[in-house]
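Hi,

Here is the structure I said I would pass along. Have a look at it first, and then read my notes below.

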Amino acid sequence: MPELQRWLADAAATAAVGEALGRVVEAGDVIALVGDLGAGKTGFARGLASGAGVAADEVQSPTFALVHEYRGRVIVAHADLYRLEHERELDAIGWDDVAGRRDAVVVIEWADRFPSRLPRDHLQVTLTHGDGPDGRGLAAAATGPRSSQLLAAWTAALAPRPG
């Protein structure tokens with residue numbers, strides 16, 4: 001499957017690559033965010049939402065509400081699975097309806113908590129802590145045809161523009 005890898009110097013760079021992805025997402029896309037606490041998942045999601053036309057200051061971590069919805073060029077449904085301990089809790093919040101939305105981009109923080117409940121075709125973005133205090137690594141992988149198209153569009157959006 002296609003992949004993308006990047007070194008991100010700081011939180012602003014993390015938000016910027018998220019914003020580039022936000023400019024190319026379409027309703028029905030699913031973005032699975034993976035990474036340790038403090039690796040930049042919420043900052044990336046905030047950047048993605050901004051690229052999708054949502055005011056960046058509207059976006060907050062949905063840790064307690066589990067799912068927030070934002071309206072921009074496309075609807076962004078931002079989910080956070082951190083506080084869930086058991087897969088059955090997904091059923092209580094109507095997870096299959098959230099993850100299967102065709103009218104929104106679904107961004108899922110802590111997506112690795114319940115990988116069997118992710119849609120088959122999603123873009124997985126993994127953020128890791130780097131050597132410095134603010135740096136981090138990003139690795140993205142597509143898991144199906146639509147996420148492969150999305151990854152290609154995102155990679156093109158990140159390419160340096162000639163002069």
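**The sheet, starting from one pair**

I'll start with a single pairing: Asp80 has Glu109 in β5 as its bridge partner. Keep in mind throughout that this is a predicted model. The strands involved are β4, residues 75-80, and β5, residues 104-109, which run parallel to each other over 6 bridges.

Zooming out, the sheet is an open one with 7 strands and mixed pairing. If you want to trace it on screen, the order is β1-β7-β6-β2-β5-β4-β3. At the edges are β1 (3-8) and β3 (67-71), each of which pairs on one side only. On average, neighbouring strands are turned by 15° against each other, ignoring direction.

**The β3 edge**

On its paired side, β3 meets β4 in the antiparallel sense, with 5 bridges. A hairpin of 3 residues connects the two strands, and Tyr70 sits opposite Val76 in β4.

Which way do the β3 side chains point? They alternate: His68 and Tyr70 are on one face and buried, while Val67, Glu69 and Arg71 are on the other and are not buried.

Two of those residues also meet each other. Arg71 and Glu69 form a salt bridge through their side chains, at 3.3 Å from N to O. Arg71 is classed as exposed because its relative accessible area is 58%, and Glu69 is partly exposed at 38%. There is a wider network here too, with salt bridges linking Glu69, Arg71, Arg101 and Asp103.

**Other salt bridges**

The model's salt bridges come to 9. Here are two more of them.

Glu87 pairs with Arg117, and their closest N and O atoms are 3.4 Å apart. This one links distant parts of the chain: Glu87 is in the loop between β4 and α3 (88-92), Arg117 is in the loop between β5 and β6 (123-129), and 30 residues separate them. Is Arg117 buried or exposed? It has 14% relative accessibility, so Arg117 counts as buried. Glu87, with a relative accessible area of 35%, is partly exposed.

The other is Glu19 with Arg23, where the closest N and O atoms are 4.0 Å apart. Here Glu19 is partly exposed at 31% relative accessibility, and Arg23 is also partly exposed, at 45%.

**Helix α1**

Glu19 brings us to α1, which covers residues 11-22. The helix has 12 residues and spans 16 Å from first C-alpha to last, close to the 16 Å expected at 1.5 Å a residue. At its start, a side-chain oxygen of Asp10 comes to within 3.2 Å of the backbone nitrogen of Ala12.

The buried residues of the helix are Thr14, Val17, Gly18, Ala20, Leu21 and Gly22. As background for reading that list, an α-helix has 3.6 residues a turn, so residues three or four places apart point the same way. What do the buried residues of α1 pack against? Their neighbours are β1, β2 (30-35), α2 (41-51), β6, β7 (136-142) and α5 (145-158).

**Two residues to click on**

Trp110 is in the loop between β5 and β6. Most residues other than glycine have a negative phi, but Trp110 has a positive one, near 65°. With a relative accessible area of 13%, Trp110 is buried.

Thr126 belongs to strand β6. At a relative accessible area of 22% it is partly exposed, because the buried class stops under 20%. Which residues does Thr126 touch, leaving out those up to four places away in sequence? They are Val34, Gly137, Leu138 and Ala139. For one of these, Gly137, the C-alpha atom is 8.0 Å from that of Thr126, with the two residues 11 apart along the chain. The side chain of Thr126 also makes a polar contact with the side chain of Gln124, at 3.5 Å.

That's everything from me for now.

Cheers

Conventions
Residues are numbered from 1 along each chain as its sequence is written. This is a predicted model: local features need pLDDT of at least 70, side-chain atom pairs count only at pLDDT 80 or more; totals for chains, interfaces and linings use all residues. Side-chain values use heavy atoms; hydrogens and water are left out. Two strands pair if DSSP finds at least two bridges between them. Helices (H or I, at least four residues) and strands (E, at least two) are DSSP runs, numbered from the N terminus. Axes are lines fitted to C-alpha atoms, for helices over the stretch in contact, and angles run from 0 to 180 degrees between N-to-C directions. Buried means under 20% relative accessible area, exposed over 50%, partly exposed in between (1.4 Å probe, protein chains only). The expected span of a helix is 1.5 Å times one less than its number of residues. Contact means heavy atoms within 4.5 Å. A polar contact is a pair of N or O atoms within 3.5 Å; within protein, one must be able to donate a hydrogen and the other to accept it, and residues adjacent in sequence count only if both atoms are side-chain atoms.
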